[in-house]
Structures are given as structure tokens and as C-alpha cells.
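Subject: The structure I promised you

Hi there,

Here is the structure for you to look at. Open it up next to this email, and then read on for what turned up in it.

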Amino acid sequence: MSGIAFITDSNSGITQEEAAKYGVYVLPMPFMINEQTYYEGTTISPEEFYQKQVDGAKITTSQPTPDEVTSLWDKVLKEYDEIVYVPMSSGLSSSCQTAKLLALDYDGRVQVADNQRISVTQLRSILDAKLLYEEKGMDAAEIKEFLEKDKFNSSIYIMLDTLTYLKRGGRITATAAALGNILRLKPVLQIQGEKLDAFAKARTGSQGKTIMNTAIRNDIANRFSIDGVEHPVWLYIAHSHCPDAAKAYAEEVATEFPGYEIQIQDLPLSIGCHLGPGALALACSRKITV
């Protein structure tokens with residue numbers, strides 16, 4: 001045995017195929033759809049998920065059982081000395097706290113980083129963890145400490161295509177959803193660490209994109225700068241089952257942010273189940289220094 005293994009969950013948006021490419025492990029997250037359990041990326045595809053959602057299926061999020069978590073850890077620890085596990089934000093799910101409790105039985109060999117991220121920023125965290133090991137030689141405990149200190153150096157802004165699914169999940173009233181849809185409102189939400197919050201309301205998709213672009217530009221110039229100097233960031237676009245719209249938006253973002261590489265990913269189904277298809281997100285994470 002040797003080295004550190006890196007594990008995240010499918011709330012990062014990393015598919016099993018991408019996990020193999022990145023050299024990480026991904027724990028599939030479960031969903032209940034019409035009382036039947038499915039696992040993201042293994043027993044249900046995004047296409048199947050969103051079709052069921054559009055058809056009116058009852059969908060609820062869940063979390064992996066303790067046995068599912070520890071079975072993966074035990075398998076990986078047969079080949080590696082330590083594990084760095086980066087689950088979704090503790091502010092969005094209790095699965096992180098459960099993992100921390102389970103890790104107590106592993107004598108320090110499993111380090112659970114409460115990085116308070118999800119989707120593309122969580123993806124970035126697990127890749128940063130690998131970078132800290134490969135380039136700086138950090139051990140698992142040091143990587144965990146770094147990730148937890150770095151957790152707020154990221155932002156996600158999401159524009160919804162419809163309010164229907166927020167209403168279906170009980171997050172807004174039927175009246176508010178109906179009025180918003182009649183007015184064709186495009187709400188922009190934000191994820192800043194612990195939770196999903198309202199950010200702004202747009203009357204058109206174009207205005208919503210402008211709001212997100214401006215918010216990210218302000219974050220780069222202010223929140224993520226160091227001593228008044230802009231620091232390099234990773235830029236991502238994420239979407240819920242609208243790849244063509246995401247590609248078109250990426251072209252717009254590339255014009256707004258020249259010199260940045262724009263990466264496109266699917267939003268995880270844990271977000272998609274609340275927002276529905278057609279959501280677009282713009283996100284950034286400050287690059288770590290190695």
C-alpha cells in the first residue's frame with residue numbers, strides 16, 4: 001500500500017468516466033423517484049432523470065447509507081494508506097457529518113474535508129486536493145486542513161428557466177411560482193458555501209446572464225483578490241440538461257472574460273431535482289498556489 005486516495009461524491013458532478021480520467025473515486029448519490037431508489041451516474045442517467053422529472057415523478061434526495069460509504073473506504077484502503085474524502089457541503093446535506101462520524105473508526109486514515117462546496121466548485125476541490133499531494137507532498141490531514149480554510153474562495157450563480165420545480169419541492173408557493181412564470185421571471189440564485197440563496201430577479205435570460213457575469217467579475221476583483229491584486233481563478237459553466245444553451249453561454253462568457261479557459265459541466269442531480277431542466281450556472285474558484 002502507498003499514497004493517498006481521493007474520494008468525492010456525485011454531487012461534484014463528476015461522472016464515473018471522468019473519475020477514472022482524473023484518478024479519483026466518486027460515490028454515487030441515491031435518489032428516491034416514485035418510491036424507487038436510483039443512483040446518480042450508475043443506475044440512472046441525467047436524460048432519464050430529467051424526463052421523469054418533466055413527466056411529474058415524485059423525486060426526493062437522499063444520502064448514501066453508512067455501509068455504502070464505509071464499503072468504498074474499506075475497498076480503497078486495501079490499496080492506499082490514507083483517504084481524503086470531500087463530500088458535498090455540510091450546509092446542504094447531513095451526509096458530511098455522517099461521514100465525519102464514520103471516519104472516527106479509521107484511526108486517522110480517512111480525513112473528511114468539510115469544504116462546504118457542491119457541483120463544479122466541489123469538483124475543483126477534489127482536484128486541488130490531488131494537486132496538494134502531488135506537488136507539495138501534503139499528507140491527508142494537511143490537505144483536509146487546507147481545503148477547509150479555502151472553502152469560501154468560490155462562488156456559484158444559477159439562473160433558473162422556470163419556477164415550477166421550486167414550487168413542486170415546496171420552496172415557494174404555487175401562487176408565487178405561477179406569477180413568476182407568467183411574468184417570465186428568471187431568478188438568479190447563489191451558492192456561497194453553506195446554502196442555496198436568492199440573489200436577484202431577471203426579466204429575461206439575457207439580463208440573468210448579465211447579472212451572473214457581473215457578480216463573478218465583482219468576486220474576482222474583490223473577494224478573491226489578494227492585497228488588491230486579482231488572483232487567477234477557474235471559471236465553470238454548469239447546466240441542468242441544456243448543453244446547447246450552456247455551450248452558447250460559454251461563448252458569451254469567453255468574450256466577457258478574455259484569457260480564461262471556460263469549462264462546462266452538468267449540474268449534479270441533487271441541484272437539478274430542485275431547479276428542473278434548463279438552469280444555467282456560472283461559477284469560479286480561486287486557484288490555489290502550489
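First, a cut-off you'll need: a residue counts as buried when its relative accessible area is under 20%. Keep in mind too that this is a predicted model.

With that cut-off, try Q265. Is Q265 buried or exposed? Its relative accessible area is 9%, so Q265 is buried. You'll find Q265 in strand 12, which covers residues 262–266. Leaving aside neighbours within four places in sequence, Q265 is in contact with G13, E18, Y22, V120, L123, I237, A238 and H239.

S119 works out the same way: its relative accessible area is 1%, so S119 is buried as well. S119 belongs to helix 5, residues 119–136. Not counting residues up to four places away in sequence, S119 touches N11, S12, I156, A238, L267, P268 and I271.

Now the sheets. As a bit of background, strands of a sheet pair through backbone hydrogen bonds, either parallel or antiparallel.

One open sheet has four strands in the order 2-1-6-7, and its pairing is parallel. Its edge strands are strand 2 (25–27) and strand 7 (110–112), each of which pairs on one side only. On average, neighbouring strands of this sheet are turned by 25° against each other, direction ignored. Strand 1 (residues 4–9) and strand 2 run parallel and are joined by three bridges. To see one of the pairs, look at T8, whose bridge partner in strand 2 is V26. Helix 5 packs on this sheet, where it touches strand 1 and strand 6 (82–86), and its direction makes about 175° with that of strand 1.

There is also an open sheet of six strands, in the order 10-9-8-13-11-12, and here the pairing is mixed. Why is one side of strand 10 and of strand 12 left without a neighbour in the sheet? Strand 10 (196–202) and strand 12 stand at the edges with a single partner strand each, so one side of each has no neighbour there. The twist in this sheet averages 25° from one strand to the next. Strand 8 (residues 154–159) and strand 13 (residues 280–286) run antiparallel, with six bridges between them. I158, for instance, has A281 as its bridge partner in strand 13. Helix 9 lies across strand 8, strand 9 (186–191), strand 10, strand 11 (233–239) and strand 13, and runs at about 175° to strand 8.

Last, two helix pairs. Two packed helices are described by the angle between their axes and the distance between the axes.

Take helix 5 and helix 6 (residues 140–149): their axes come within 10 Å and cross at roughly 135°. That angle makes helix 5 oblique to helix 6. The crossing of helix 5 and helix 6 is right-handed. The contact is made by S125, A129, L132 and Y133 of helix 5 with I143, F146 and L147 of helix 6. By class, that gives six nonpolar, one polar and no charged residues.

The axes of helix 9 (residues 205–223) and helix 10 (residues 243–256) come within 11 Å and cross at roughly 40°, so helix 9 and helix 10 are oblique to each other too. Helix 9 passes helix 10 in a right-handed crossing. Here K209, M212, N213 and R217 in helix 9 meet Y249, E252, V253 and E256 in helix 10. By class, this contact has three nonpolar, one polar and four charged residues.

Happy exploring!

Methods. Residues are numbered from 1 along each chain as its sequence is written. This is a predicted model: local features need pLDDT of at least 70, side-chain atom pairs count only at pLDDT 80 or more; totals for chains, interfaces and linings use all residues. Side-chain values use heavy atoms; hydrogens and water are left out. Helices (H or I, at least four residues) and strands (E, at least two) are DSSP runs, numbered from the N terminus. Buried means under 20% relative accessible area, exposed over 50%, partly exposed in between (1.4 Å probe, protein chains only). Contact means heavy atoms within 4.5 Å. Axes are lines fitted to C-alpha atoms, for helices over the stretch in contact, and angles run from 0 to 180 degrees between N-to-C directions. Angles under 35 degrees count as roughly parallel, over 145 as roughly antiparallel, 65 to 115 as roughly perpendicular and the rest as oblique. A crossing is left-handed if the near helix is turned anticlockwise from the far one by less than a right angle, and right-handed if clockwise. Ala, Val, Leu, Ile, Met, Phe, Trp, Tyr, Cys and Pro count as nonpolar, Asp, Glu, Lys and Arg as charged, and the others, Gly among them, as polar. Two strands pair if DSSP finds at least two bridges between them.
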